[in-house]
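Here are my notes on this one, written for someone coming to it fresh. Have the model open while you read.

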Amino acid sequence: MKYGIIICPKCTKAKICELHFKTTRCFRCNKVIKLKEIRILYKDNSKENLQHILGLVNAEMDGKLDEFTKLIN
Ligand SMILES: [Zn+2]
């Protein structure tokens with residue numbers, strides 16, 4: 001899989017990252033996130049799919065994230 005959706009541990013926003021990198025930088029809070037240390041919520045080769053899911057994740061962030069990750073796992 002080429003891309004993944006992760007949650008920034010600092011600002012708790014979901015973002016898309018490229019999984020072949022070891023780290024990714026959060027564009028909101030500028031935190032460098034080590035991909036090994038966090039959970040990848042969803043993986044896909046299609047960035048378009050992930051952008052769709054990202055929208056859903058960010059829409060569901062208000063206390064419903066656990067519920068949501070159960071649905072997509
Ligand atoms: Zn962040």
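1. Let's begin with one pairing: in strand 5, Y3 has D44 as its bridge partner. Strands here are DSSP runs (E, at least two residues) and helices are DSSP runs too (H or I, at least four residues), numbered from the N terminus. Before going on, note that this is a predicted model, where local features need pLDDT of at least 70, side-chain atom pairs count only at pLDDT 80 or more, and totals for chains, interfaces and linings use all residues. Residue numbers start from 1 along each chain as its sequence is written.

2. That Y3 bridge belongs to a wider pairing: strand 1 and strand 5 (residues 42–44) are joined in the antiparallel sense over 3 bridges. Two strands count as paired if DSSP finds at least two bridges between them. Another facing couple here is G4 and K43 of strand 5.

3. Strand 1 also pairs with strand 2 (residues 14–18), antiparallel, through 5 bridges. In this pairing I7 sits opposite A14. The two strands make a hairpin with 6 residues between them, and T12 in the turn has a positive phi of about 55°.

4. Put together, 3 strands give an open sheet in the order 2-1-5, with antiparallel pairing. Strand 2 and strand 5 are the edge strands, each pairing on one side only. Neighbouring strands of this sheet are turned by 25° against each other on average, direction ignored. For such angles, axes are lines fitted to C-alpha atoms (for helices over the stretch in contact), and values run from 0 to 180 degrees between N-to-C directions.

5. What packs on the sheet? Helix 1 (residues 47–59) does, touching strand 1, strand 2 and strand 5, and its direction makes about 155° with that of strand 2. Contact means that the C-beta atoms of two residues, placed from the backbone, lie within 7 Å.

6. How many residues of strand 1 (residues 3–7) are buried? It is 5 of the 5, so the strand is largely enclosed by the rest of the structure. Buried means 20 or more other C-beta atoms within 10 Å of a residue's own, exposed means 12 or fewer, and partly exposed is in between, with C-beta atoms placed from the backbone. Y3, I5 and I7 point one way, G4 and I6 the other. In a regular strand, side chains alternate between the two faces of the sheet.

7. The largest nonpolar core has 10 residues: Y3, I5, I6, I7, C8, A14, C17, Y42, L50 and V57. Such a core is a set of buried Ala, Val, Leu, Ile, Met, Phe, Trp, Tyr and Cys residues joined through C-beta atoms within 7 Å. Strand 1, strand 2 and helix 1 each give two or more residues to this core, and strand 1 gives the most, with 4. Leaving aside neighbours within four places in sequence, C17 is in contact with Y3, G4, I6, T24 and L35.

8. Now for two loop residues. K31, between strand 3 (23–25) and strand 4 (32–34), is partly exposed, because 14 other C-beta atoms lie within 10 Å. Its C-alpha atom is 7.1 Å from that of K10, 21 residues apart along the chain. H20, in the loop between strand 2 and strand 3, counts as exposed, because it has 9 C-beta neighbours inside 10 Å.
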